[in-house]
Each structure stands twice: as structure tokens, then as C-alpha cells.
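Work through the exercises below with the sequence and the structure open. Try each task before reading its solution.

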Amino acid sequence: MRARSHRAVAGVVAGVLGLSALTACSGTADTSQGARGTRSSPSPSPSPTPAWDTSPESVAAVGDSITRGFDACSVLSDCPEVSWATGSDAQVRSLAVRLLGTSRAQTHSWNYARTGARMEDLPAQMARAGARTPELVTVMAGSNDACRPTATSMTPVSTFREDFEKSLRRLREAAPKAQVYVMSVPDLKRLWSEGRASDLGKQVWKLGICSSMLADPDALDAVAGARRDRVQERVIAYNKVLEDVCAQDERCRYDGGAVFDYRFGQRQLSHWDWFHPSRDGQARLAALAYRGVTSREPVREPGA
């Protein structure tokens, strides 16, 4: 999610081994008409799909303000120690802590996410993450592509796809064997619905947080509804891109829509802006990610 400047706003398998049976060849020469005594070459066996490692030993995170813990500790500020991906906070128990343990997470996890980042920023983050040759890279990006000043200025779906494909290519150049776990974009319309109950939250929203969705939060007329629906449809389209592009990479796993489907309540939202995840929200994201990474089969959420 996006945070602007301080003057406006500081600111979620066991591999299937594909075996191709070799054509059996008889040791007796074929003397039937047309036979030349030659044998047909067996079809090459396809490369086996790598088994998903449920216990990677290093983690790098890329993405936006959610992964930076923005507004979880103090107003309009990053708080990476509570990041769902790599944070050290005992209450959150980040993915890195759950996978590696507290001490090892401090030396074998890295957070390259940036508050305000969009998908166009992900290739550079991936390049930095790949330089660490991590065993797992987490991705959570796309909220800022939908959270724009207006609904008409959202990132086009085709551009979003191109940038995500480029991001994976950049990672593969440096870390061809790294696993990638992709978290879906949250349900921004649900966050609006929950956060609008807070007068404080609505005042902070006026600073420019996700205006495409949050502008005029109490407006329930047809025009406002159509605008929010347009943003919601774009988020759904982005998640389809994340799923499809990830499926083309044999070492990539999508969360099956787990983050989008999670029903964030007010306890899971920052009490500074009522939009970004609170500590509790970060802990819920960490739990969702851990479930997805450690499952032998990709997690499929209801309706996925």
C-alpha cells in the first residue's frame, strides 16, 4: 500500500516427477516389408519438476509498505521489525522466524521492500534479493498499482504483467534455484468497509492514502460505488496475473488467494490509518505465509 511524503502521507509439493516411458525395442530384426532394421529413438524424458522445499534456510522479501510494517508501530512510519516476512517482533513471529528460528532469522533474512513501491519497482528489488542467493523469496506487491490518485490512473493489467514477468527474470539471472512465494493483493474494498468506521482513519485517508478506493469514504451513491468496484476488479485482475505468471515458473508458488480472501477486521488494521495491517494483522499474514510455504501441496483457498 502506498504512503506519500510526510507532508501528504509517509507513504501471501512434493514435485510431480514427469517420467516418460522409453519405447521398448525388440532384439529381433524386423523383416516385414518396409523395415530397414533401424530402431526408433526414444522420446527424451522431460525434466522433473523440482520438489518444493518446505524448510528453506534463508528468506528475502520484496514488495511494498505492507512488508515494511508501515503504520504498525507509529504514525506514518515504517516498522520493519514487525514485518510479516522478516520481522523480529515476538508477537508477530514472522515467516523468517517461523522457518529459521529467532537467531538465524537475524542473519539469514533480508527485507528489500519499499514503502510506496509498485510492480514497476519490483525488478530492481528482485535483483538485490537475488544477489543474496536466498532459498526463498517472498513477494507482496500490487496494492499501490491499484491505490492511485484516481481509478483511471491505476496500472494497466498488461503493464503489471510485463513488470512481474521481468521481475522473475531478474531474480532468475542471479538466483535460478530460489523458490518464490507470491502473496495475493489484499481486498482493498474490504479494508475500506472496515476502516470507514473510524473517524480518525477517515481523517488520515484525506491525506491521500489509496484515494482511488478511499476517497469520499462515506459516499454510497452509484458513482462512488462504481469507482470502488472498478478498483476491486483491477485488484482481482492483478491477482490473476500473479497466479498465471507464477504458474509458468517451476519454482514459484502463489498463495491461492489467501491474502485477498482473509477477512481483516479492525483488530488487524493499524489504529493510525485503519488501512495498513497492525501488529496483529502482520501476525495473521505471517501465519498465512507459513502455512503456504510449509504445505507440501499448494494451498487452495475456498473458491480458488
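The exercises that follow concern a predicted model.

**Exercise 1. Confidence**

Task: Find the mean pLDDT of the protein and the stretch where pLDDT stays under 50.

Solution. Step 1: the protein has a mean pLDDT of 87. Step 2: 83% of its residues reach 70 or more. Step 3: over residues 2-40, pLDDT stays under 50. The model has 73 contacts beyond four places in sequence for residues 2-40. Step 4: where pLDDT is low, the predicted coordinates should not be read in detail.

**Exercise 2. The largest nonpolar core**

Task: State how many residues the largest nonpolar core has, and which have the most contacts inside it.

Solution. Step 1: 75 residues make up the largest nonpolar core. Step 2: W84, F164, V182, L188 and F275 have the most contacts inside this core. Step 3: the element that gives the most to the core is helix α9, residues 222-247, with seven residues. Step 4: take W84 and list what it touches, leaving out residues up to four places away in sequence. Among its partners are I66, T67, V92, S94 and L95, and also T138, M140, M183, Q282, L285, A286 and A289.

**Exercise 3. Two packed helices**

Task: Describe how helix α5 packs against α9: the angle, the axis separation and the contacting residues.

Solution. Step 1: helix α5 covers residues 157-174, and its angle with α9 is about 35°. Step 2: the axes of α5 and α9 are 10 Å apart. Step 3: the crossing of α5 and α9 is right-handed. Step 4: on the α5 side, the contact is made by V157, F160, R161, F164, E165 and L168. On the α9 side, the residues are R234, A237, Y238, V241, L242, D244, V245 and C246. Step 5: sorted by class, the contact of α5 with α9 has 10 nonpolar residues, four charged residues and no polar ones.

**Exercise 4. A covered helix**

Task: Decide how many residues of helix α6 are buried, and name the helices they pack against.

Solution. Step 1: helix α6 runs over residues 188-195 and has eight residues. Step 2: six of these are buried, and the helix is mostly covered. Step 3: the buried residues of α6 are L188, R190, L191, W192, E194 and G195. Step 4: these buried residues pack against α4 (143-146), α7 (199-205), α8 (211-214) and α9.

**Exercise 5. Two residues of helix α11**

Task: For R279 and T294, both in α11, give the exposure class and the residues touched.

Solution. Step 1: helix α11 covers residues 279-294, with T294 in it. R279 is found in α11 too. Step 2: R279 has a relative accessible area of 28%, so it is partly exposed. Step 3: beyond its neighbours within four places in sequence, R279 is in contact with A72, C73, V82, D89, Q91 and V92. The C-alpha atoms of R279 and Q91 are 7.4 Å apart, although 188 residues separate the two in sequence. Step 4: T294 has 27% relative accessibility and therefore counts as partly exposed. Step 5: T294 touches T54 and L99, not counting residues up to four places away in sequence. T294 and T54 are 240 residues apart in sequence, but 4.4 Å apart in space, C-alpha to C-alpha.

**Exercise 6. Loop residues**

Task: Locate T133, D216, K206 and P149, and class each by exposure.

Solution. Step 1: T133 lies in the loop between α3 (122-131) and β3 (136-140). Its relative accessibility is 53%, so T133 counts as exposed. Step 2: D216 lies in the loop between α8 and α9. At 55% relative accessibility, D216 counts as exposed. Step 3: check the backbone angles. Most residues other than glycine have a negative phi. T133, not a glycine, has a positive phi of about 45°. D216, not a glycine, also has a positive phi of about 45°. Step 4: K206 lies in the loop between α7 and α8, and a relative accessible area of 64% makes K206 exposed. K206 and D216 are 10 residues apart in sequence and 8.4 Å apart, C-alpha to C-alpha. Step 5: P149 lies in the loop between α4 and α5. With a relative accessible area of 42%, P149 is partly exposed. Its C-alpha atom is separated by 9.8 Å from that of L214, 65 residues apart along the chain.

Note on methods:
Residues are numbered from 1 along each chain as its sequence is written. This is a predicted model: local features need pLDDT of at least 70, side-chain atom pairs count only at pLDDT 80 or more; totals for chains, interfaces and linings use all residues. Side-chain values use heavy atoms; hydrogens and water are left out. pLDDT is the predictor's confidence in each residue, from 0 to 100. Contact means heavy atoms within 4.5 Å. A nonpolar core is a set of buried Ala, Val, Leu, Ile, Met, Phe, Trp, Tyr and Cys residues joined through side-chain atoms within 4.5 Å. Buried means under 20% relative accessible area, exposed over 50%, partly exposed in between (1.4 Å probe, protein chains only). Helices (H or I, at least four residues) and strands (E, at least two) are DSSP runs, numbered from the N terminus. Axes are lines fitted to C-alpha atoms, for helices over the stretch in contact, and angles run from 0 to 180 degrees between N-to-C directions. A crossing is left-handed if the near helix is turned anticlockwise from the far one by less than a right angle, and right-handed if clockwise. Ala, Val, Leu, Ile, Met, Phe, Trp, Tyr, Cys and Pro count as nonpolar, Asp, Glu, Lys and Arg as charged, and the others, Gly among them, as polar.
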